[in-house]
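Student: I am new to this structure and would be grateful for a close look at a single part of it. Please take one helix as the centre of the account and proceed from there in a connected manner.

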Amino acid sequence: MYKKQLIFQRIICMVMLFAAAIIFVYSLGLMTDLYDSLYSTMMDPEDYTQTSVTGSIIYYDMQQFNNDLTKASIGLILVTLVLFLTNTHTRRKYYIGNYIAVGLSTVCNVVISVWALTRIAAYRVQYKQIDFEQLKAHSELWNTYYTESTFWFDASYVVFGILLVVTVLLVGNLILKQIMMKEEKRLIGSRKEVGA
């Protein structure tokens, strides 16, 4: 049982690092379609309201959020590395540093996921308010990329869903570890009594 649990905790920590890396890659790709299709509609970089397509200002509205999301994803990677620094992925018994690492990782993952998902959902609503007829006409006139796809907005549910599922597994591993450590103490105590 201990061997399986140790393998499980190693896998969970590795997958957690992978999930944080996916968030980083997602943050880099989030603005791709918006840049390709909306940037050229902005007629004056000094005045974002001057646009040939109603609603294309979302491209500028999302800039700060995207910047913050990229920084947050790097933070998630660093927080996940704390799991490895405290040997949470290999340690047979957990100590205070392991509990702190799991707690910190859990809190950061949940807070960033809730923050990002609520913001992305709001931007998706704003994106759907773009005048796509104007955007299509602009695209045909200037031979630019055209899409009505909400793929990058919708992908957030998968990306952050993976992060949250792995977070639940990490907490589950911590609970399992506590149960096993208590059982081990009980068995050691009963052996001492038998030996005496």
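Tutor: The model is a predicted one. A suitable starting point is Gln-178, which is partly exposed because its relative accessible area is 33%, a value between the 20% and 50% limits for that class. This residue lies in helix α7, which comprises residues 151-195. Along the sequence, Gln-178 is 84 residues from Tyr-94, yet in space their C-alpha atoms are 8.1 Å apart.

Helix α7 also takes part in salt bridges. Side chains of opposite charge can pair when their charged atoms come close. The count of such bridges in this model is two.

One of them joins Arg-124 and Asp-154, with 2.7 Å between the closest N and O atoms. This pair connects distant parts of the chain, since Arg-124 belongs to helix α5 (residues 96-127) and Asp-154 to helix α7, with 30 residues separating them in sequence. As for exposure, Arg-124 has a relative accessible area of 29% and is therefore partly exposed. Asp-154, at 31%, is likewise counted as partly exposed.

The other bridge is formed by the side chains of Glu-183 and Arg-186, with an N to O distance of 2.5 Å. Both residues are in helix α7, and because they are three residues apart there, about one helical turn separates them. Glu-183 is partly exposed, its relative accessible area being 35%. For Arg-186 the relative accessible area is 48%, so this residue is also partly exposed.

For context, one may turn from helix α7 to another part of the chain. Helix α1 spans residues 2-29 and includes Ile-7. With a relative accessible area of 46%, Ile-7 is partly exposed. Together with Ile-11 and Val-15, Ile-7 forms a nonpolar patch on the surface, and the accessible area of the three residues together is about 240 Å².

Helix α1 has a further relation to describe, namely that with helix α4, which covers residues 63-85; the two axes come within 8 Å and cross at roughly 165°. The two helices are therefore roughly antiparallel, as the angle is over the 145 degrees required for that description. The crossing of α1 and α4 is left-handed.

To return to the part chosen at the outset, helix α7 holds Gln-178, contributes Asp-154 to the bridge with Arg-124 of helix α5, and contains both Glu-183 and Arg-186.

Key. Residues numbered from 1 in each chain as written. Predicted model: local features only at pLDDT ≥ 70, side-chain atom pairs only at ≥ 80, totals over all residues. Heavy atoms only, no water. Helix = DSSP H or I, 4+ residues; strand = E, 2+ residues; numbered from the N terminus. Buried < 20%, exposed > 50% of the residue type's maximum accessible area, 1.4 Å probe, protein only. Patch = residues over 30% accessible without salt bridge, like charges linked within 9 Å, V, L, I, M, F, W, Y side chains within 5 Å. Areas by Shrake-Rupley, 256 points an atom, 1.4 Å probe, with all protein chains shown as cover. Salt bridge = Lys/Arg side-chain N within 4 Å of Asp/Glu carboxyl O. Axes fitted to C-alpha atoms, helices over the stretch in contact; angles between N-to-C directions. Parallel < 35°, antiparallel > 145°, perpendicular 65-115°, else oblique. Left-handed = near helix turned anticlockwise from the far one by under 90°.
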